[in-house]
Amino acid sequence: MPDRSAPIVRGYPHLLHGGDYNPEQWRQSPQAWDQDFQLLQQAACNTVTVGVFAWAALEPAEGRYDFNWMDAIFERCRSAGLRVILATPGGGMPAWLAKAYPEVLRVDSRGRRRRWGGRHNHCFTAPVYREKARIINGKLAERYGQHPMLSLWHVNNEYSGECHCDLCSAAFRQFLRRRYNDSLDALNHAWWSAFWSHTITNWDQIEPPSREIGEFQVHGQTLDWKRFITHQTIDCFKEEAEPLRQISPGVPVTTNLMMGGFTDVDYYHLADACDVVSWDSYPSYHDRPGDYFGPLGPLWVSFIHNQRRAMKKKPFLLMEMSPGAQNYKPVCKLKRPGVHQAEALQAIAHGSDSVLYFQVRKSRGGVEKFHGAVIDHFATPEARVFREVAEVGRVLQGLDEVVGTHSRADVAFIYDYQNRWALNDAAGPINLKKDKDYDPVCREHYRPFWSAGVNVDVISMDQPFDGYKLLVAPMLYMVRPGVAERIEKFIDAGGTFVTTFLSGVANESDLAFTNGFPGPLRGVTGVWAEEIDALYDDEQVPIVAGENIAGLSGRYGANFLCDVIHAEGADVLATYGGEFYAGRPAVTRNAFGRGRAYYIAARTDARFNADFYNHQIQDLGLRRALDANLPDGVTAATRGDGRTRFTFVLSFRGEPCEIQIGPAQQGFTNALTGETVGRRLMLPAYGTLVLRSDVHEGDEG
């Protein structure tokens, strides 16, 4: 395990605790500020994020600035010992900017220009928006860039969305000219534009794709449009960050990412542009108790935490979470007692060095006045949510040793945004849903690792594969240049590779491979996928396995999609037990160099995935956080620095449970109390434990 990283906040070796604070909403009530700072200290908070959406308060009219209130907040933070994450305000334009320069407003895919209002409403190409954002950001940097309490720059907020204005259309054409080296022949080939007579003969003929009023079925074009959105978002971010980096070069710069599915920005590329990865987590653990594996359940949140950590292979920041109810859900359930601490320590367990909230004080008006907050409308320390936040603060104060520690993973799991774009754009092989269930299938293949307490790095197909024992790539539909060769090198060196149905279908432009699926992976997997069968939701095809070297036995269920494959040198581990392809291979294993490649030809049920991956965990000696059979809804994860290991045991169950640790592990102490921990662990509903142990010589951590 590598040595620990330096604290994200230079010279401040503590987990950050606090959150998004909007004192500008309370400038007419100075007594509220007094309450806020008293309560922040009572809640063991050490950090506030200020300035998000504060542009109108900082620059009420063009060129007229008011920093008096921000000066006062910084001074209060200095007196209270609170670190400041200073946000730039570009996520919410003031009315004067939109009225004076209407070109800063976005145009939708129907060609309609937005009116001023809402947030994230700016055109990220408009020069005047970038200029005005750069000016206000520069003013903030000049005034606060050297302030001793400034810890981090938070640029804009939750970048998302797209714009179809003339400025963006022109920028899209320039992006394409660079991408295709000014060659229309190269673009037409990538877009396969002879189809439907879509050949482009002049760059000016290209428009952004639009499902409502234009072209949206040229998949190479829609892929390139999404790549352009990512490029333009990052370019805007860099320009907004430029004065911050120039004036205060020692202060890290970040922007907050969101949960998967809320944006089509390729977050791996946006993370590369940041000094620190940060993100906003809003799960629904408590909405449906027992739903551990759903789209907003604890398993998926662990998956995303693992992705954020793996983006830079170092700790990240949980920039926002709600300490209470979230006001935008269909049913805004209260968080049950204990859920908040489980959610907070889950982030720390998977690599966060912070627990930060939206919001500190609940707004009196507007769309978020019912969104959870540390301080409620009735500002009292007796409120249940406040008391739970204060308890989390006390727990975090006892975990300074965790700051900067790393999580070592034997498993890499490919989750790739561009692959998701291409999959979801495809017409066929199944169109019952708006997408191709990439996220749910990834959850299904990740579940056995989460349930066994195995650390996983979630990576893009462009990140390095070396250093891992197992590489899992469900539905690797798109295989970009060089990826197949790197997979071959990984397997040849002794690695184990697992991929599934609908893999190796298309290149980076969504052009189908013509050498038989799985395309460039055909040789390493030893199979040819001749056809793919789509099933209705109520259909299932049996998969039959005798006892074999992959831990499979008996009958399993296949659903959704089934590849009809030929084994070309691969060993057949299981076959289909129904349909016209009964007896044909359903699961194969192919030896390649010193390693092996598995091909799972169908979407398999939970029992299959558990049997298959639990065998891999045992066979490959993948490290588990605990030598224990964890109850359903309980997981464990580790962080350490090569000398000390911290094992986080997290229960998302609504009832108590018991865990029996095997004899192979001992020497745990409770990291918060110092008490020796035996082999029998008792966890209350939504209970958590942080166990400390020494790493001995020869132990890889």
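Helices here are DSSP runs of H or I with at least four residues, strands are runs of E with at least two, and both are numbered from the N terminus. With that naming in hand, Phe 53 can be placed in the loop between strand S2 (47-50) and H2. Keep in mind throughout that this is a predicted model.

## Backbone oddities

Let's stay with Phe 53 for a moment. Its phi is near 65°, a positive value in a residue that isn't glycine. Phe 53 has a relative accessible area of 32%, so it counts as partly exposed.

Asn 156 plays a similar backbone trick: phi is near 55°, again positive in a residue other than glycine. You'll find Asn 156 in the loop between strand S4 (150-154) and helix H6 (166-179). Is Asn 156 buried or exposed? Asn 156 is buried, as its relative accessible area is just 1%.

Then there are the cis peptide bonds. One runs from Gly 428 to Pro 429, with omega near 0°, and Pro 429 sits in the loop between helix H13 (417-425) and H14. Another joins Phe 517 and Pro 518, with omega about 10°. Pro 518 belongs to the loop between strand S13 (496-500) and helix H16 (522-525).

## Where H10 meets H14

Now for some helix packing. Helix H10 (residues 298-312) packs against helix H14 (residues 438-452) at an angle of about 90°, and their axes are 10 Å apart. Angles of 65 to 115 degrees count as roughly perpendicular, and H10 and H14 are therefore roughly perpendicular to each other.

Which residues of H10 take part in the meeting with H14? They are Pro 298, Leu 299, Trp 300, Ser 302, Phe 303 and Asn 306. From H14 come Asp 439, Cys 442, Arg 443, Tyr 446, Arg 447 and Trp 450. By character, the residues of this contact divide into seven nonpolar, two polar and three charged.

Two of these names turn up again in a charge-over-ring arrangement: the charged end of Arg 443 sits over the ring of Trp 300, 5.1 Å from its centre. Elsewhere, Arg 486 lies over the face of Phe 465, at 4.1 Å from the ring centre.

## Rings and more rings

How many aromatic pairs does the structure hold? The count is 33. A pair of aromatic rings is described by the distance of the centres and the angle of the planes. Here are a couple of examples, both edge-to-face.

| Pair | Centre to centre | Angle between planes |
|---|---|---|
| Phe 67 and Tyr 144 | 6.4 Å | 75° |
| Tyr 556 and Phe 608 | 5.2 Å | 85° |

The Phe 67 and Tyr 144 pair, which is edge-to-face, links distant parts of the chain, with the partners 77 residues apart. Phe 67 is in the loop between helix H2 (55-58) and helix H3 (68-80), while Tyr 144 is in helix H5 (residues 127-144). Phe 67 is buried because its relative accessible area is 8%, where buried means under 20%. Tyr 144 is buried too, at 2% relative accessibility.

The edge-to-face pair of Tyr 556 and Phe 608 also bridges distant parts of the chain, across 52 residues. Tyr 556 comes from strand S16 (residues 554-567), and Phe 608 from helix H17 (residues 606-620). Both Tyr 556 and Phe 608 are buried.

Some rings join up into a cluster: ring pairs link Tyr 267, Tyr 268, Trp 300, Phe 303, Phe 413, Tyr 415, Tyr 417, Tyr 438 and Tyr 446. Among them are Trp 300, Phe 303 and Tyr 446, which also appear in the contact of H10 with H14.

## A couple of individual residues

Ile 8 lies in the segment before strand S1 (16-20). At 16% relative accessibility, Ile 8 counts as buried. What does Ile 8 touch, leaving aside residues up to four places away in sequence? Its contacts are Leu 152, Pro 252, Val 276, Pro 315, Phe 316, Leu 317 and Asp 353. Ile 8 and Gln 666 are 658 residues apart in sequence, and their C-alpha atoms are 32 Å apart in space.

Arg 623, for its part, is in the loop between H17 and strand S21 (634-640). Arg 623 counts as partly exposed, at 25% relative accessibility. Between the C-alpha atoms of Arg 623 and Pro 102 there are 57 Å, with the two positions 521 residues apart along the chain.

Terms used:
Residues numbered from 1 in each chain as written. Predicted model: local features only at pLDDT ≥ 70, side-chain atom pairs only at ≥ 80, totals over all residues. Heavy atoms only, no water. Axes fitted to C-alpha atoms, helices over the stretch in contact; angles between N-to-C directions. Parallel < 35°, antiparallel > 145°, perpendicular 65-115°, else oblique. Contact = heavy atoms within 4.5 Å. Nonpolar A, V, L, I, M, F, W, Y, C, P; charged D, E, K, R; others polar. Phe/Tyr/Trp six-rings, centres within 6.5 Å; stacked < 30°, edge-to-face > 60°. Buried < 20%, exposed > 50% of the residue type's maximum accessible area, 1.4 Å probe, protein only. Lys NZ or Arg CZ within 6 Å of the ring centre and 35° of its normal.
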